[in-house]
Amino acid sequence: MTSYDSAALPAHRPGASRQAPADPGPSRAIRPWTPVLLYTLGFLALYLLAICTPWGQRAENALFGFGSEGSEDAWIYPLSGSAYGSTPLPPLELSAKPTLMVGLAVIMVLTLVRRRWWPGCAALGVVILTTGSKEVLKSTLPRPDLVGAPENLLDQGFPSGHTAIPASLTLAAVLVVSPRIRPYVATAGVLWLACIAAASATMGGHRPSEVLGATLLACACYSLATWLLPPAAAPDATRSPRALPVITLTLALAIALVSGARSDTLTRSLASAATAFICAALVWNAVVGLPARRTRPEPG
């Protein structure tokens with residue numbers, strides 16, 4: 001055998017034939033469709049239990065009996081835009097549509113700058129589908145009066161439009177920003193959502209079910225958009241600093257408590273804060289849980 005024959009022959013490594021194939025990248029099998037189903041079922045179950053049952057209606061209507069009918073006793077009232085001459089905290093009151101338009105414009109700019117066409121289309125789809133579905137569902141889903149409620153409690157507000165805007169814009173933003181800043185964008189959006197959700201509930205504009213329903217709707221649209229993305233365009237799993245989830249949810253709870261607080265009733269304040277915190281936790285879980293992490297081959 002010549003001197004170069006040994007170099008031409010591949011060195012034998014035990015288990016070489018059993019090596020894992022190259023990483024095929026993310027796929028729909030790795031990014032499961034079950035979150036879409038779970039969020040959708042949660043939305044439907046919430047509607048049926050809270051709105052289509054007598055005890056669900058009584059439980060939510062009872063919250064309006066704690067404290068005064070108006071919103072002046074809410075701590076966040078000066079920032080709500082309801083007070084004469086006050087500037088509303090986006091997207092409360094008349095700032096809802098401008099906030100939505102500005103959010104869509106920012107998403108389009110980020111899409112153009114980063115040239116992430118598929119994620120950009122998915123992000124726009126999340127916002128448009130969430131807010132559009134909210135309008136359709138709000139006008140088509142019935143609210144039967146099963147308990148003889150006062151007329152002012154019969155208005156259909158499921159799901160909440162004011163909550164749908166920060167929830168959908170937050171979920172859309174994480175699709176188009178850089179992976180390095182994605183956890184911090186999610187944190188800012190979750191804190192914004194906690195404030196708006198608590199304010200919407202405590203000021204009497206929406207019931208807790210309407211606020212939660214809007215968040216579940218946004219999470220369902222986000223999960224659907226993420227699952228439908230082509231494998232090459234799917235974002236990697238969101239990896240946040242170890243302490244960030246605890247910090248984010250702690251701050252979300254604090255903001256929910258302050259934004260939901262009222263001077264005339266502790267029960268309504270706590271119910272509004274709990275609702276807002278659940279909304280924040282749902283959006284955070286959707287961001288950090290989808291898409292699933294890739295499976296890396298073991299070294300040979």
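**Note on a predicted all-helix chain**

1. Proline 159 is buried, because its relative accessible area is 0%, a value taken, like every other in this note, from a predicted model. The residue sits in the loop that joins α5 and α6. The peptide bond leading into proline 159 from phenylalanine 158 is cis, with omega near -5°. Leaving aside neighbours within four places in sequence, proline 159 is in contact with Phe43, Lys134, Leu137, Lys138, Glu210, Gly213, Ala214 and Leu217. Its C-alpha atom is separated by 9.0 Å from that of tyrosine 47, although the two residues are 112 residues apart along the chain.

2. For orientation, the overall architecture is as follows. The chain has 10 helices and zero strands, and its pattern along the sequence reads α-α-α-α-α-α-α-α-α-α. Of its 300 residues, 45% count as buried. Among contacts between residues at least 6 apart in sequence, 81% join residues at least 24 apart.

3. Helix α6 comprises residues 161–176. From its first C-alpha to its last, this helix of 16 residues reaches 23 Å, close to the 22 Å expected at 1.5 Å a residue. Helix α6 is mostly covered, with 15 of its 16 residues buried.

4. Helix α4 covers residues 96–114. Its 19 residues should span 27 Å at 1.5 Å a residue, and the end C-alpha atoms are 27 Å apart, which agrees. Ala96, Thr99, Leu100, Gly103, Leu104, Ile107 and Thr111 are buried in this helix. Seen down the axis of α4, the buried residues fall within an arc of 130°, so they line one face of the helix. These buried residues pack against α5 (117–140), α6 and α7 (182–202). On the other side of α4, Val102, Leu112 and Val113 are exposed.

5. What backbone feature is found just after α4? There, arginine 115 takes a positive phi of about 55°, although this residue is not a glycine. Arginine 115 belongs to the loop between α4 and α5. With a relative accessibility of 60%, arginine 115 counts as exposed.

6. The loop between α3 and α4 deserves separate attention. Proline 91 has its place in this loop, and the peptide bond to proline 91 from proline 90 is cis, with omega near 5°. Glutamate 93 lies in the loop between α3 and α4 as well. Glutamate 93 is not a glycine, yet it has a positive phi of about 50°. At 41% relative accessibility, glutamate 93 counts as partly exposed.

7. Serine 95 is also placed in the loop between α3 (54–63) and α4. Is serine 95 buried or exposed? Its relative accessibility is 11%, and therefore serine 95 counts as buried. Apart from neighbours within four places in sequence, serine 95 is in contact with Pro88, Leu89 and Pro90. Serine 95 and serine 80 are 10.0 Å apart in space, C-alpha to C-alpha, and 15 residues apart in sequence.

8. How many cavities of 30 Å³ or more does a search of the whole structure find? The search finds three. The largest cavity has a volume of about 70 Å³. Leu63, Phe64, Ala201, His206, Arg207, Pro208, Arg268, Ala271 and Ser272 line the largest cavity. Helix α10 (residues 266–289) provides the largest share of this lining, three residues. By class, the lining of the largest cavity consists of five nonpolar, two polar and two charged residues.

9. The second largest cavity holds about 50 Å³ of space. Its lining is formed by Gln57, Asn61, Arg143, Pro144, Asp145, Ala149, Leu153, Leu154 and Arg207. Four of the lining residues of the second largest cavity are nonpolar, two are polar and three are charged. Arg207 thus appears in the lining of the largest cavity and in that of the second largest cavity.

10. The largest pocket has a volume of about 290 Å³. Of the 16 residues that line the largest pocket, Phe64, Asn152, Leu153, Gly204 and Arg207 are the closest to its centre. The lining of the largest pocket contains four nonpolar, seven polar and five charged residues. Phe64 and Arg207 are also among the residues that line the largest cavity, and Leu153 and Arg207 are among those that line the second largest cavity.

Notes:
Residues are numbered from 1 along each chain as its sequence is written. This is a predicted model: local features need pLDDT of at least 70, side-chain atom pairs count only at pLDDT 80 or more; totals for chains, interfaces and linings use all residues. Side-chain values use heavy atoms; hydrogens and water are left out. Helices (H or I, at least four residues) and strands (E, at least two) are DSSP runs, numbered from the N terminus. The expected span of a helix is 1.5 Å times one less than its number of residues. Buried means under 20% relative accessible area, exposed over 50%, partly exposed in between (1.4 Å probe, protein chains only). The arc is that of the directions from the helix axis to the C-beta atoms. Contact means heavy atoms within 4.5 Å. On a 1 Å grid over the protein atoms alone, a cavity is a set of points where a 1.4 Å probe fits but cannot get out, and a pocket is an open set with protein on both sides within 12 Å along at least five of seven lines; lining residues have an atom within 4 Å of a point. Grid points are joined across faces, edges and corners, and a volume is the space filled by probe spheres set on the points. Ala, Val, Leu, Ile, Met, Phe, Trp, Tyr, Cys and Pro count as nonpolar, Asp, Glu, Lys and Arg as charged, and the others, Gly among them, as polar.
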